[in-house]
Amino acid sequence: MAENTTTGKSGGFLRNPLATGEKSRRRYLSVREWQAELSISRLFRTSIRLQTAFDRCFSKFGMTAQEAAVLVHCADERETSAGRLAKAMGRDKGKITRFVDRLEDGGFITRRSDPEDHRLLIIKATSRGRRVAPQLRTRFEEVRSQFFEGVQNVDIDKLETVLSQLHANAERLCEEKAHKDTQA
């Protein structure tokens, strides 16, 4: 990477890790700042490519990877709710509801009111959903295996440690932003 990096009179790095070919006027105060921006860019790009790879695998089933994950979870559970799905998958309830809507339209799941609490909708996989779920699990396993191909177990362990800390930091940033927004 050294050949793609120049320093200005102030010693700051001039290369923008987000740019593709063109030089940027952005100055980085340190190598750590430059590497942090490069890492964030790579994390976003990797996430997008991985999501695209997963989505392509599930398109033959007429669903996205997120919808497939919801269906697999519903097939594993006897019955569940949008709130429980949201918590299990780390997604907001509104997004889960949209996934459930599409899966219900495809005949993979059903919803009905809870007889004890009519505000709560019970979500269950249909027989069609339960038949497809094992194929979806296999596809998830294949993509995961291919994604980590050539990566040592010790490196996966280190990655998990780093990603856990980054996730905690991101959660904290979201909470701080939400707190500031409510005070404004």
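**Helices, strands and a pocket in a predicted model**

There are six helices and two strands in the protein, and the model is a predicted one.

Biologist: In what pattern do the helices and strands follow one another along the sequence?

Modeller: The protein has six helices and two strands to place in order. Read along the sequence, they give the pattern α-α-α-α-β-β-α-α.

Biologist: Is Thr 126 buried or exposed?

Modeller: Thr 126 lies in the loop between strand 2 and helix 5. Among the residues it touches, not counting those up to four places away in sequence, are Phe 108 and Ile 109. A residue counts as buried under 20% relative accessible area. Because the relative accessible area of Thr 126 is 15%, the residue is buried.

Biologist: At which residue of helix 5 does a kink lie?

Modeller: Helix 5 covers residues 127-147 and reaches 31 Å from its first C-alpha to its last, close to the 30 Å expected. The helix nevertheless has a kink of about 30°, shortly before the proline Pro 134. The residue at the kink is Ala 133.

Biologist: Which helices are among the elements that cover the buried residues of helix 5?

Modeller: The buried residues of helix 5 are Gly 129, Val 132, Ala 133, Leu 136, Phe 140 and Val 143. An α-helix has 3.6 residues a turn, so residues three or four places apart point the same way. What covers the buried residues of helix 5 includes helix 1 (31-58) and helix 2 (65-76).

Biologist: Against which elements do the buried residues of helix 2 pack?

Modeller: Helix 2 has 12 residues and reaches 16 Å, close to the 16 Å expected. Its buried residues include Ala 65, Val 70, Leu 71 and Cys 74. The buried residues of helix 2 pack against helix 1, helix 3, helix 4, strand 1, strand 2 and helix 5.

Biologist: Which element gives the most to the lining of the largest pocket?

Modeller: About 1800 Å³ of space lies in the largest pocket. Of the 38 residues that line this pocket, the closest to its centre are Leu 43, Ser 47, Leu 163, Leu 166 and His 167. Helix 1, helix 2, helix 5 and helix 6 (153-183) each give two or more residues to the lining. The most, 14 residues, come from helix 6.

Biologist: How many residues in the lining of the largest pocket are nonpolar?

Modeller: Sorted by class, the lining has nine polar and six charged residues. The nonpolar residues number 23.

Note on methods. Residues numbered from 1 in each chain as written. Predicted model: local features only at pLDDT ≥ 70, side-chain atom pairs only at ≥ 80, totals over all residues. Heavy atoms only, no water. Helix = DSSP H or I, 4+ residues; strand = E, 2+ residues; numbered from the N terminus. Expected span 1.5 Å × (residues − 1). Bend = angle between axes of the 7 residues up to and from the residue. Buried < 20%, exposed > 50% of the residue type's maximum accessible area, 1.4 Å probe, protein only. Contact = heavy atoms within 4.5 Å. 1 Å grid on protein atoms, 1.4 Å probe; cavity = no way out; pocket = protein on both sides within 12 Å on 5 of 7 lines; lining within 4 Å. Points joined across faces, edges and corners; volume = space filled by probe spheres on them. Nonpolar A, V, L, I, M, F, W, Y, C, P; charged D, E, K, R; others polar.
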